[in-house]
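Here is a short tour of a helix pair and a few backbone details worth finding in the viewer. Have the structure open and follow along.

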Amino acid sequence: MANTHAKLAELDPVWARISTEAETAIKDEPLLGGLIHSSILHHKTIESALAYRTSMKLGSHEMPEQLLREICDMAYTDDAELGQAARADIVAVYDRDPACDRFILPMLYFKGFQAIQAYRVANWLWRTDRRDMARFFQMRCSEVFGVDIHPAARIGKGIMIDHAHSIVIGETAVVGDNVSMLHSVTLGGTGKEEEDRHPKIGDGVLIGAGAKVLGNIKVGHCSRIAAGSVVLQEVPPCKTVAGVPAKIVGEAGCDQPSVAMDQLLGVR
C-alpha cells in the first residue's frame, strides 16, 4: 500500500492527498465511512470521483444518478482539461479559503466547488452540441446549489467561489484563470440584447459579495470589485472599484487580489 501511495503521489499529488485525507477522515468519524468510501476511496482517479459526486448531487426522479454518471464519465474521458481544471480549483480553494484546511473538503462539502465542476460538464455538453442536456445540468445545478451558470459561459481554472449562494453567470460571460468571487455575485446583462452581452473578467480578479457586473464590459486583470458594488463600465487592470455605480477608488493593493482575498479597501 505504501508503494502504491508513493507512485500515486508522484503521478497525481492532488488525488493522492485527497485519498490520504479520506482514510484519516474515516478514522476520525467512522459514521461518515460510507459517504467517504463511495465518494473517494472507491475510485482510482479524481475524474471518476468527480463524476460520481456530481451525479449523486444532481440526480433526481427525472434523471437518475447512473445516467448522469455515464455522461460525466464521458466528459472527463473526452476532455482531460476538465480534470486538470478541477485540480486547480481544489488548490485554489485550499489556498484562499481559511475555512478549508484539507483538500477533501471541497470534494465532499463545498457547493461552490461542486457547482463549478457540474458547470464544467455542462459546458462540455454545450460544446459537443448536446445543448438540451447541458441545460438540464444548469437547471439541476441551480436547484441543488443555488448557483446558475449558463453552460455556454467560458470559465478558466483555479476558480474559488466562497459560500456560492445566489451566483449568476450569463451565457456570454467570460471568467479568466485564478478568479475568486463570493456569494451573490452576478455577471449579467443590462437588457434584452441577444448577442455578446455579458462581462469579461480578467485573470486574478477578486469580486466581493453581492457585487453585480452588468453588460459586455471588461474587468481588467488583477483588479478588485468591492462587495455590493454595481459595475457598469470597464475596469482597468490592477484597480479597485467600489460603489453604486462603481468608480475607481484606488489601486488593487497587491499583485494577486484573488489570492490575497483582501477586501478591506485600505482600512486597517
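In this predicted model, helix H2 (residues 13-28) and helix H6 (residues 80-96) have axes that come within 10 Å and cross at roughly 60°. An angle from 65 to 115 degrees would count as roughly perpendicular, and H2 and H6 are therefore oblique to each other. The crossing in which H2 passes H6 is left-handed.

Which residues make the contact between H2 and H6? From H2 come Val14, Arg17 and Ile18, and they meet Arg87, Ile90, Val91 and Tyr94 of H6. Sorted by class, this contact has 5 nonpolar and 2 charged residues, with no polar ones.

Now for the backbone. Most residues other than glycine have a negative phi, and most peptide bonds are trans. Let us start with the peptide bond between valine 244 and proline 245, which is cis, with omega about -10°. Proline 245 sits in the loop that links strand E14 (239-242) to strand E15 (247-251).

Two non-glycine residues with positive phi come next, histidine 163 and asparagine 178. Here they are side by side:

| Residue | Phi | Loop between | Relative accessibility |
|---|---|---|---|
| Histidine 163 | near 70° | strand E3 (160-161) and strand E4 (167-169) | 53% |
| Asparagine 178 | near 55° | strand E5 (174-175) and strand E6 (180-181) | 33% |

Is histidine 163 buried or exposed? Exposed means over 50% relative accessible area, so histidine 163, at 53%, counts as exposed. Asparagine 178, with 33%, is partly exposed.

Notes:
Residues numbered from 1 in each chain as written. Predicted model: local features only at pLDDT ≥ 70, side-chain atom pairs only at ≥ 80, totals over all residues. Heavy atoms only, no water. Axes fitted to C-alpha atoms, helices over the stretch in contact; angles between N-to-C directions. Helix = DSSP H or I, 4+ residues; strand = E, 2+ residues; numbered from the N terminus. Parallel < 35°, antiparallel > 145°, perpendicular 65-115°, else oblique. Left-handed = near helix turned anticlockwise from the far one by under 90°. Contact = heavy atoms within 4.5 Å. Nonpolar A, V, L, I, M, F, W, Y, C, P; charged D, E, K, R; others polar. Buried < 20%, exposed > 50% of the residue type's maximum accessible area, 1.4 Å probe, protein only.
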